Every structure is written in C-alpha cells, then in structure tokens.
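Subject: A structure for you to look at

Dear colleague,

I am handing over a structure that I would like you to look through at your own pace. Please open it first, and then read the notes below beside it.

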Amino acid sequence: DAKTTQPNSMESNEEEPVHLPCNHSTISGADYIYWYRQLPSAGPEYVIHGTTSNVNNRMASLTIAEDKKSSTLILHRATLRDAAVYYCILRDHSGTDGAAPVQYLPDCGREDI
C-alpha cells in the first residue's frame, strides 16, 4: 500500500512562502499526488494535484521530485487564512489512498518570551 509521511507541523511568518514536504517513497507509477486542506470547523478542501511534473494554480504550487518519491506543496504568500491541516494523499485508479496530515500554524508576529 502507498503511504505518505509529513512533518507534524510547520510555522512561518505571514506573507512568506511556506514549503510543506511530503514523502511518498512507495508511490506506484499510476499514483497521483493530491493535496487537501482542512480549515477549522470545515470539511476538507481540494488544493492541487499532479503526477509527474510541477503544477501551479492560484492557491499553491506542487513540486514533484523526478523519481516521484517526494513532493512539496508551496503556499507562496501564506496568511492567517491559510492556517489549516494539509493532507498529502496518493490516489490510484483502484481507489485506495494513503494519507498523512501536516498542520500549518502561521507565526502571527508573536515573539517568544
């Protein structure tokens, strides 16, 4: 079965790019890499997907390694509205998925004391 692994959480400053990595070393040739996000008190929302090449849309970019064993979701100018749990999911034509979440928590200009 295809599995994905991601860090538990990521932080950044507002208006800076956020790179959310996903490892999927067991990916098969037919698998597509999908990213979803889940905002607080909401259902999952599609972000982007790809299979062999880099993809861009208005929300994000998806960079896929040449061997397809890893990928990175890039939020170009993340804001507080982007704080969510992000899911990297492998999907093939048989309908089986392997998923792991990463929670993105923006650093709201807070200084640690």
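The notes that follow cover the disulfide, the nonpolar core and the largest pocket.

Please keep in mind while reading that this is a predicted model. A search of the whole structure finds one disulfide, and this bond joins C22 to C88, with a distance from S to S of 2.2 Å. The two cysteines come from distant parts of the chain, since C22 sits in strand β2 (residues 18-23) and C88 in strand β8 (residues 84-91), 66 residues apart. Both C22 and C88 are buried. The torsion about the S-S bond of C22 and C88 is about -85°, and the disulfide is therefore left-handed.

Turning to the nonpolar residues, you will find that the largest nonpolar core has 18 residues, and that those with the most contacts inside this core are L20, I33, W35, V47, L73, L75 and Y86. At least two residues of this core come from each of the strands β2, β3 (32-38), β4 (44-50), β6 (61-64), β7 (70-75) and β8, and among the contributors β8 gives the most, with four residues.

Finally, there is the largest pocket, which holds about 160 Å³ of space and is lined by R37, R58, M59, L75, H76, R77, A78, T79, R81 and D82. When these lining residues are sorted by character, five are charged, three are nonpolar and two are polar. You may notice that L75 appears twice in these notes, as it is listed both among the residues with the most contacts inside the largest nonpolar core and in the lining of the largest pocket.

With best wishes

Notes
Residues numbered from 1 in each chain as written. Predicted model: local features only at pLDDT ≥ 70, side-chain atom pairs only at ≥ 80, totals over all residues. Heavy atoms only, no water. Disulfide = S-S within 2.5 Å. Buried < 20%, exposed > 50% of the residue type's maximum accessible area, 1.4 Å probe, protein only. 1 Å grid on protein atoms, 1.4 Å probe; cavity = no way out; pocket = protein on both sides within 12 Å on 5 of 7 lines; lining within 4 Å. Points joined across faces, edges and corners; volume = space filled by probe spheres on them. Nonpolar A, V, L, I, M, F, W, Y, C, P; charged D, E, K, R; others polar. Core = buried A, V, L, I, M, F, W, Y, C linked by side-chain atoms within 4.5 Å.
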